[in-house]
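Grab a pencil and work through these exercises with the viewer open. Each one has a task and then a solution in steps.

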Amino acid sequence: MPKRWEVYPGKSQVLCSGRCISAKNLSVFYLTLALIVISSCLFLAFDCRLLAVTLSPSVPVLAAVQFIFVLCCLLRTTFSDPGIIPRGTPDEAAWIESQLEGPQVDRDGNYRPPVRLKDVQINGRVFKLKYCFTCKLWRPPRASHCSTCDNCVDRFDHHCPWVGNCVGRRNYRYFYLFLISLSVYCLYVMVFGIVNLVLLAFFSIWSVVGLGGFHTMLICRETSTNEDIKGSFNQRRHPDLINPFDQGNGLANCCYVLFGPVTPSLLNFREDEIGLGSSISLVTNNGRNGTVSAAAASTAVTATPAVRYSNLTRNNNDATSNSVGHVNNSVQVISESLPAQLPGDGNDVIVKNGNGAPADGVISGGTDAVGAQNSNTQSASSVHCIV
Amino acid sequence: MSSSKPLPNSSSATILPPANKAFVPRDYSHGTELRFSTELPAKLQGRIPEEVFTAVIGNINQLLIAAETGSASVYLESCFACLTGYLAYICMETQYEKCLRSVSRLVEEYNRTVFGPRNLSMIDPSERGLRVIEIVLLRP
C-alpha cells in the first residue's frame with residue numbers, strides 16, 4: 001500500500017518521506033541561504049571578536065540568536081505545506097462535473113466552454129467560485145492555483161522563488177516573520193559593523209587626518225612647523241610682520257612647495273674624500289666601443305683611491321647598458337632624473353676635476369666633453385651618488 | 001464499490017455521478033470559515049430524517065468552527081511557539097489538530113449510532129481535505 005506522498009500528483013518536491021514539501025526548483029533558495037549564512041559567519045568570526053571585548057559579550061550572543069531565528073523562519077517557510085488543498089477524488093470530480101453545464105453550442109454556432117463558475121453569497125456580497133479542472137474541486141474563496149507547483153493553495157499569497165515555495169495560509173506567518181527578523185538582523189549587523197569600523201579606525205583616522213590637515217595649512221601659508229610653534233609669522237603676535245616667503249596666495253604656495261624645483265644633495269658622499277687643490281686626471285669616452293670604455297673605466301677606477309662606501313656594487317662589464325639598475329636601485333632612480341644636458345648613450349665616465357671633487361661610479365645617459373661640462377658632470381656624479 | 005469513470009470535461013458525453021455516494025459540500029455563505037452545508041442531499045432523501053442530518057452536520061460544524069476561532073489560549077500557544085523559533089511545534093499538538101481529532105471521534109460515534117443502523121457510512125472530512133463530507137450508501 002503506497003503512502004499518500006508517493007502518489008502525490010502535483011509538481012512540488014516531497015522530501016523526508018513526506019515530512020517536508022517545497023517547490024521543485026530550489027536554486028534561488030540556496031542563494032538566499034548562502035547569502036545569510038556567509039555574511040553571518042563573517043560577522044561573527046571577525047567583527048564580533050573586537051566587539052565582544054570592547055563593548056559587551058552580549059553583542060555576538062544576540063547576533064547568534066537572531067541568526068538562528070531567521071534560519072528557523074526561512075526553513076519553515078520553504079519546507080512546510082503552504083496550505084495545499086488535496087485534489088478531489090474521482091467520485092467527487094464526477095459528482096461536481098455532472099452538475100456543471102457541459103460545453104454547448106449557442107444559437108450563433110459559437111462554442112461555449114463548460115461553465116465552471118458558481119455564485120455564492122458571502123456575508124451579503126456575491127462571490128464567484130471557480131471550479132479547478134486540474135485539482136477537481138471548487139476553489140474556496142481566496143484560494144488560487146499555482147502553476148509552478150500545480151496545486152490549489154488556500155489563501156494563496158504568491159509563489160516566492162527566493163524562498164523556494166508558495167506562500168499561502170499555512171506558511172504566511174513564517175514568511176512574514178522571516179522578512180521582519182531578517183530586516184532587524186541586517187540592521188543589527190550593519191550598525192555593529194560600522195561601530196567595529198569606527199573603533200578600529202577612529203584614532204588612526206583622527207591622528208593622520210589631523211596631521212595631514214595641519215601640514216596642508218602650513219603649506220598654504222608657506223611656513224614650517226618650527227615657525228608655527230615659535231610664532232615667527234603669527235599675525236596676532238607680530239601684526240606688522242608679514243611672511244616674506246609667502247607667494248601671495250595659498251595655491252601658489254602649494255604649487256611651489258609640492259611641485260617646485262627639487263634641490264639635489266650637496267653632500268657628494270660617493271666621491272672620494274680628497275683635500276682641496278689635489279690634481280686629478282680626467283678620463284672619459286663616448287662609449288661607442290663598449291669594451292674599450294669598460295676597460296678604460298676599470299683601469300681608471302683601479303687607479304683611484306679606494307671608495308669609501310663599498311655597499312654600492314659596481315658592474316663594469318656592462319658599460320654599454322643604459323640602465324644603472326645593476327649598480328644599485330638608488331642609483332637607477334637618480335639617473336632617471338638627470339638633467340637634459342646630459343644626452344647620449346650609456347657610458348662609463350670617471351670624472352675628476354681640479355676642484356678636488358673626485359667622481360666615482362657610473363653615469364648613465366652619457367656626458368659631453370669633460371672640460372665644458374665640469375659642473376654638470378660634477379652635479380651628475382653627485383646626483384647619482386646620493387639617494 | 002462501483003463508481004463511474006470520470007470523463008474528460010470537453011467530451012459531449014454525460015458524466016455520471018457515483019450511484020452509491022452522496023456528497024455534502026462546503027458552505028461559504030458565512031465566509032471562509034469551516035462549515036458544511038446542512039441541506040440534505042437528494043440521494044439521502046428517505047434514508048435519514050432531515051432534522052437528524054441537520055443536527056449531525058451542525059455539531060460537526062461547531063467543532064470545526066471552534067478549530068478556526070482565535071481564542072486567548074490559541075494566541076498564547078502561537079506566541080510561545082514563536083519565541084522558541086517554532087521548534088515547539090515539533091513536540092506539541094496545535095489547537096487545530098486537537099479539534100480535528102475530536103471531529104474524527106465524533107464521526108466515528110455518529111457512524112456507530114446514526115449512520116450505521118441506516119446502512120450509511122460517513123467519511124471523516126479530514127480524509128477528503130475538508131472539501132466535502134462523503135456519505136457512502138452501503139446498501140442501495
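**Exercise 1. A bridge from A:Asp91**

With which residue does A:Asp91 form a salt bridge, and how far apart are the closest N and O atoms?

*Solution.* Keep in mind that this is a predicted model.
- Step 1: pick A:Asp91 and look for its partner, which turns out to be B:Lys21, with the closest N and O atoms 2.3 Å apart.
- Step 2: place both ends. A:Asp91 sits in helix α3 (residues 90-99) of chain A and B:Lys21 in strand β1 (residues 21-25) of chain B, so this pair joins two chains.
- Step 3: check the cover, where under 20% relative accessible area means buried. A:Asp91 comes out at 9%, so it is buried. B:Lys21 is buried too, with a relative accessible area of 9%.

**Exercise 2. A bridge within chain A**

Find the salt-bridge partner of A:Lys136 and work out what the pair ties together.

*Solution.*
- Step 1: the partner is A:Glu97, and the closest N and O atoms are 3.4 Å apart.
- Step 2: A:Lys136 belongs to the loop between β7 and β8 of chain A, while A:Glu97 belongs to helix α3 of chain A, so the bridge ties together parts that are 39 residues apart in sequence.
- Step 3: compare the cover. A:Lys136 has 25% relative accessibility and counts as partly exposed, whereas A:Glu97 is buried at 6%.
- Step 4: look at the backbone of A:Lys136 as well. Its phi is near 60°, a positive value in a residue other than glycine.

**Exercise 3. Counting and linking**

How many salt bridges are there over all chains, and which residues do shared partners join into one network?

*Solution.*
- Step 1: the count over all chains is 11 salt bridges.
- Step 2: one of them is the pair B:Glu33 and B:Arg35, at 2.7 Å from N to O. B:Glu33 is partly exposed, with a relative accessible area of 23%.
- Step 3: follow the shared partners, and you get one network made of A:Asp91, B:Lys21, B:Arg128 and B:Glu134.

**Exercise 4. Along helix α4**

Is A:Leu187 buried or exposed, and what about A:Asn196?

*Solution.*
- Step 1: A:Leu187 lies in helix α4 (residues 172-221) of chain A, and A:Asn196 lies in helix α4 as well.
- Step 2: A:Leu187 has a relative accessible area of 51%, so it is exposed. A:Asn196, at 7%, is buried.
- Step 3: see what A:Asn196 touches. Beyond its neighbours within four places in sequence, it contacts A:Asp47, A:Leu50 and A:Leu51.
- Step 4: A:Leu187 helps make a nonpolar surface patch of about 1,000 Å², whose members include A:Phe202, A:Phe203 and A:Trp206.
- Step 5: bring in the record. An unreviewed UniProt entry lists residues 174-195 and 201-220 of chain A among its "transmembrane region" spans. In the model, residues 174-195 are 100% helix, with end C-alpha atoms 31 Å apart. Residues 201-220 are 100% helix too, and their end C-alpha atoms lie 28 Å apart.

**Exercise 5. Where to be wary**

Where in chain A is confidence lowest, and where is it highest?

*Solution.*
- Step 1: start with the average. Chain A has a mean pLDDT of 75, and 67% of its residues reach 70 or more.
- Step 2: helix α8 (residues 329-335) is lowest, at a mean of 40, and strand β11 (residues 158-160) is highest, at 95.
- Step 3: widen the view. Over residues 281-387 of chain A, pLDDT stays under 50.

Key
Residues are numbered from 1 along each chain as its sequence is written. Chains are lettered from A and ligands numbered from 1 in the order in which they are written. This is a predicted model: local features need pLDDT of at least 70, side-chain atom pairs count only at pLDDT 80 or more; totals for chains, interfaces and linings use all residues. Side-chain values use heavy atoms; hydrogens and water are left out. pLDDT is the predictor's confidence in each residue, from 0 to 100. Helices (H or I, at least four residues) and strands (E, at least two) are DSSP runs, numbered from the N terminus. Contact means heavy atoms within 4.5 Å. Patches are made of residues with over 30% relative accessible area and no salt bridge: like charges are joined within 9 Å, nonpolar side chains (Val, Leu, Ile, Met, Phe, Trp, Tyr) within 5 Å. Accessible areas come from the Shrake-Rupley method with a 1.4 Å probe; for residues, only the protein chains shown count as cover. A salt bridge is a side-chain nitrogen of Lys or Arg within 4 Å of a carboxyl oxygen of Asp or Glu. Buried means under 20% relative accessible area, exposed over 50%, partly exposed in between (1.4 Å probe, protein chains only). UniProt positions are given in the numbering used here, feature names are shortened, and annotations may be inferred rather than shown by experiment.
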